[in-house]
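Trainee: May I ask for a close look at how one pair of helices packs together, followed by a second pair for comparison?

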Amino acid sequence: MDFEHLHPDARAVLQSSLEDRLEFVRRDRFIEYPAAEAILRDLADVVAYPRVQRPPCRAVIADSDNGKTSLTSELIRRNPVVLDATGNPITKVLWAECPPAPDEGRLFSSILTALDVLHRPDAAPERLEAIVSQELIAHQTNTLVIDELHAMLNGTARNQRLFMAALKRLSNTRNISVVCCGTQEVTRALATDSQFMTRFQKLALPRWQANEDFQRLLVSFEMFVPLPKPSGLSQGKLVQLIYMKSARTIGSVRAIVRAAAEMALREGEDRITYALLDKAVAGLVERLLNGGRNDGAI
């Protein structure tokens, strides 16, 4: 058997121990699909864009658990920190998490933490901003990714304006492109500064539809399930069950496939059958219901 339905990495662990195969299934990995690749190509152009007075900015918008974190992680993986001739780090693309409330000082502290720069988080915002400016120059950063930007709405209108003004200053003074990621609420957050908002082109990761793209996604997932026989997750009743029981987000689909794969491995099956998939989905739904959700979707 040639195991052509599997990725070479999955083939390599077929004869490994159960523990090793379970660990392989549980790993986080970026799964390529058209919408994500289109956004990554666009962001690659942003990173390569010449430094200008009004650098291009982007807003990556998606529902929770629908691939924002995986996408930005892949962007960072494709733009790793490198060392210059003197051994100093060059961080072209920097990822930082938006603080849970619109606070200038906490924004600057988050950026310095992402750069591994020791600092006093309780220092005056003006002092932290000066350090951030110096470090962004030293690291030759040209693209700043701010994840979960919608969190800045958890504050007063005044603090929201001050927060966005601080982000705008960083973009203006350092000619840095800003990539904001979050839910649909990101649009409302950016509207706090209408002039700054005009720089942002929206890039959306929509929920999945029952189409060929969804089937191709399942083919990609199955390639990393180390079972000797093809399961055919993208076909017939199996794809229907996965689609109906998922929340139509990539995270929920991944959870279903992972649960079914783990069950198949533990029970010594050579593929994921409909009965096994249905059993795995029922177990997931039961756990979620026990956690307080009652919509029946993973």
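Mentor: Helix H6 passes helix H7 in a right-handed crossing (the near helix is turned clockwise from the far one by less than a right angle; anticlockwise would be left-handed). The model is predicted, with local features needing pLDDT of at least 70 and side-chain atom pairs pLDDT 80 or more, while totals for chains, interfaces and linings use all residues. Residues are numbered from 1 along each chain as its sequence is written, and side-chain values use heavy atoms, without hydrogens and water.

H6 covers residues 125-138 and H7 residues 157-174 (helices are DSSP runs of H or I, at least four residues, numbered from the N terminus). Their axes come within 11 Å and cross at roughly 40° (axes are lines fitted to C-alpha atoms over the stretch in contact, with angles from 0 to 180 degrees between N-to-C directions). H6 is therefore oblique to H7 (under 35 degrees is roughly parallel, over 145 roughly antiparallel, 65 to 115 roughly perpendicular, the rest oblique). From H6, Glu129, Val132, Ser133, Leu136 and Ile137 meet Arg169, Leu170 and Arg174 of H7 (contact means heavy atoms within 4.5 Å). These residues divide into four nonpolar, one polar and three charged (Ala, Val, Leu, Ile, Met, Phe, Trp, Tyr, Cys and Pro are nonpolar, Asp, Glu, Lys and Arg charged, the others, Gly among them, polar).

In the second pair, the axes of H2 (residues 18-26) and H12 (residues 250-266) come within 10 Å and cross at roughly 175°, so H2 is roughly antiparallel to H12. Leu18, Arg21, Leu22, Val25 and Arg26 of H2 make this contact with Arg258, Ala261, Glu262, Leu265 and Arg266 of H12. Five of the residues in the contact of H2 with H12 are nonpolar, none is polar and five are charged.

Key:
Helix = DSSP H or I, 4+ residues; strand = E, 2+ residues; numbered from the N terminus.
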